[in-house]
Amino acid sequence: MIEAKGINKSFGNQQVLFDVSAQFHPGKVNLIIGQSGQGKTVLAKCMVGLHHPEKGEILFNGKDFLSMDKSSQSNLRSEIGMLFQGSALFDSMTVEENIKFPLSMFTKMSKKEMQHRVDFCLERVNLSGKNALYPSECSGGMQKRVGIARAISLNPKYLFCDEPNSGLDPKTAIVIDNLIRDITYEYHITTLVITHDMNSVMEIGDNILFIHQGKKWWEGDRKSILTSDNPEINAFVFASEFMKEIRSTLKGQKR
Amino acid sequence: MKYLRNIGRYFLMLGFVFRRPKKFRLFYRQFIREFDEVGINSIPLVALMSTFIGAVIALQTASNIDNPLLPSYTVGYITQSSIILEFSPTIMCLILAGKIGSNISSEIGTMRITEQIDAMEVMGVNSLNYLILPKVAAAFIYFPILVIFSMFLGLSGGFLAVVISGLLSPQNFVLGLRSWFDTYNIVYALTKTVAFGFFIVSISSFYGYYVKGGALEVGKSSTRAVVVSSVVILIFNFIITKLMLLK
Ligand SMILES: Nc1ncnc2c1ncn2[C@@H]1O[C@H](COP(=O)(O)OP(=O)(O)OP(=O)(O)O)[C@@H](O)[C@H]1O
Ligand SMILES: [Mg+2]
C-alpha cells in the first residue's frame, strides 16, 4: 500500500499541491484524474521521490520513503516501475536494451532468461519483434508501450503510469488498459494511473482521485463519479455538450 | 555566492560519481563506448592540429633564430620543449575541452530534460555513477594517449617542415630534440593532461546533469561547460607548473 499524507509542493512561490492525502491499495487500479496542469504529474513524482515536497510523508507499506537512507530508497525503487508522461526511453539504446536495462542492473538473470523476459514484456504490449528499433524510430504510441514494457520488466510491486494511453488509438488504448488491470490483479501490485481518458476511467478505475487546483477535490469509484453532484467533477466527466445532455437524461431517469 | 554553491554541488556530485559500480559489466560497456566515441573519435582532430602547429612552431623558431652564435640545433630543442611542455598538454586539452566538453554536457543535458535521468533514478540506479564514472575512467586513459600522440605528431610535423624547407639538416634537428631532454618533462606534461582531462569530463558532466529547462538551456549549459573547463585548465596549468617545474 502507498499512502500520501499532507503533501505540499511548490516551485518557487507557485504552490502546486496543497495538503494532498490519499491511500492507494494493492490489487487495485488507482486513478488520478484531473484537468491539464492541475498537479497530477507533480503528485506522482513526489511519490517516487523525484520531487521533494516541502511538507508531508510518503509511506510505502508504512515506511516513510522521504526519510529513508539512500540505499533503502534505492532498494525500494527497484520495486517501482514507472512510465513517464514523455516515455523517457533511453535514446542511445534499442527497444530491447531499454527493457533489459533494469534487468541487467538488478537481477542475476542469464542472457537467455533476460531475452525471454524481454520478449514476454514486448508481447504483452503488442510489440513483438520490434526489439532492434531505436526509440527515435518508434511512433509516440509505440514509445509509450515500450515505456510500459520497461516499467513492468522487473515485476514491480508498485506501478506508476503517467498517461499510459494518451496518443494511442482507442483499440490499442484498451489493450494497454487491460494489460495494466490484468497485471495489477494477477500480481496484486499497487497501481497508480494518471489519465484524462474517460474510457480508461470507466474501464479500469477501481479507486479514483480527482485533483483540482492542486487539491484532492473528490475521491470515489467509477459508479459514483457518474452520479456525483460535484460541479468540477461534472465539468470534467461530462465535458462535451453531448455528454451533458446524456447526463441530464440520466438524472431525469433517476427522478 | 552562486559560484560557491556550484563548487559545493560539484564536489557533492563527485561523491556520488566515485562509488563502486553496481554492475561491472554495465560499467565496462559504457567505458568502452566512451573510449570509442569520445577518445578514438578525437584522433583526427588531434592529428591535424598537432602536425600543423608542430610544423609552424618549428618554422617560426627557425626564422627567429638567425643569430650565428646560437647553434642551429637550438630550433629542435625549442620546438621539442614548446610542444612537450605546453602545446600538447595544455593547448591540445583546451581544444579538446571544446570538442569533448560540449559533447558530454549536451549528451547528459538532453538525458536530463527528456527525463531519462529521472527514469534511472526511479529504478534505483545511481545515475551519476552510471553515467559519469565510465566517462571519467575512460578519460584517464584516452587523454594521456591523445596527448602523447599529439607530441609525437607535433615533433614529426616540425621535423618535416624544417627539413623539407631546407632550414636545418635532419641530424641537427634530431640532435636538438634530444639535447637537454628530461623525462621529468614528460611526467609533468602527463600530470597536467590527466588533471585537465578530469576537469573537462567532470565539469561538463556537471553542467549537463544539473541543466533545467529545454533545448535552449542544454545549448547554453554546454557553452558554459566549455568556458568553465577552459578557465579551470588555465588556472591549474599555472598552479601545476609552479608546483612541478619551479621547485
Ligand atoms: N519542474 C517544474 N518547475 C516549475 N513548475 C512546475 C514544474 N513541474 C510542474 N510545474 C507546474 O506545476 C503545475 C502542475 O503540473 P503537472 O505537470 O503536475 O500537471 P498535470 O496535472 O500532470 O497536467 P497534464 O495533464 O497536462 O500532464 C503546472 O502549473 C506546472 O506549471
Ligand atoms: Mg502530467
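**Exercise 1. Find what the buried residues of α7(B) pack against, and decide how those residues are arranged on the helix.**

Solution. The model is predicted.
- Step 1: the packing partners of the buried residues of α7(B) are α3 (43-64), α4 (74-113) and α6 (127-164) of chain B.
- Step 2: list the buried residues. In helix α7 (residues 170-178) of chain B they are B:F173, B:G176 and B:L177.
- Step 3: look down the axis of α7(B). The buried residues fall within an arc of 100°, so they line one face of the helix.
- Step 4: turn to the face away from the buried side. It carries the exposed residues B:Q171 and B:R178.
- Step 5: check the residue just after α7(B). B:W180 takes a positive phi of about 50°.

**Exercise 2. Test the length of α5(A), then work out how far the helix is enclosed.**

Solution.
- Step 1: helix α5 of chain A covers residues 140-152, which is 13 residues. At 1.5 Å a residue, the expected span is 18 Å.
- Step 2: the end C-alpha atoms of α5(A) are 19 Å apart, which agrees.
- Step 3: buried means under 20% relative accessible area. By that cut-off 11 of the 13 residues of α5(A) are buried, so the helix is largely enclosed by the rest of the structure. Among them are A:M142, A:R145, A:I148 and A:I152.
- Step 4: identify the cover. It includes β6 (80-83), α3 (95-106), α4 (111-124), β7 (158-162) and α6 (170-187) of chain A, together with α5 (116-123) of chain B.

**Exercise 3. Describe the hairpin of β9(A) and β10(A).**

Solution.
- Step 1: strands β9 (residues 207-212) and β10 (residues 215-220) of chain A pair in the antiparallel sense over five bridges.
- Step 2: A:I211 stands opposite A:K216 in β10(A).
- Step 3: two residues lie between the strands, and A:Q213 takes a positive phi near 50°.

Note on methods: Residues numbered from 1 in each chain as written. Chains lettered and ligands numbered in written order. Predicted model: local features only at pLDDT ≥ 70, side-chain atom pairs only at ≥ 80, totals over all residues. Heavy atoms only, no water. Pairing = 2+ DSSP bridges. Helix = DSSP H or I, 4+ residues; strand = E, 2+ residues; numbered from the N terminus. Expected span 1.5 Å × (residues − 1). Buried < 20%, exposed > 50% of the residue type's maximum accessible area, 1.4 Å probe, protein only. Contact = heavy atoms within 4.5 Å. Arc of directions from axis to C-beta.
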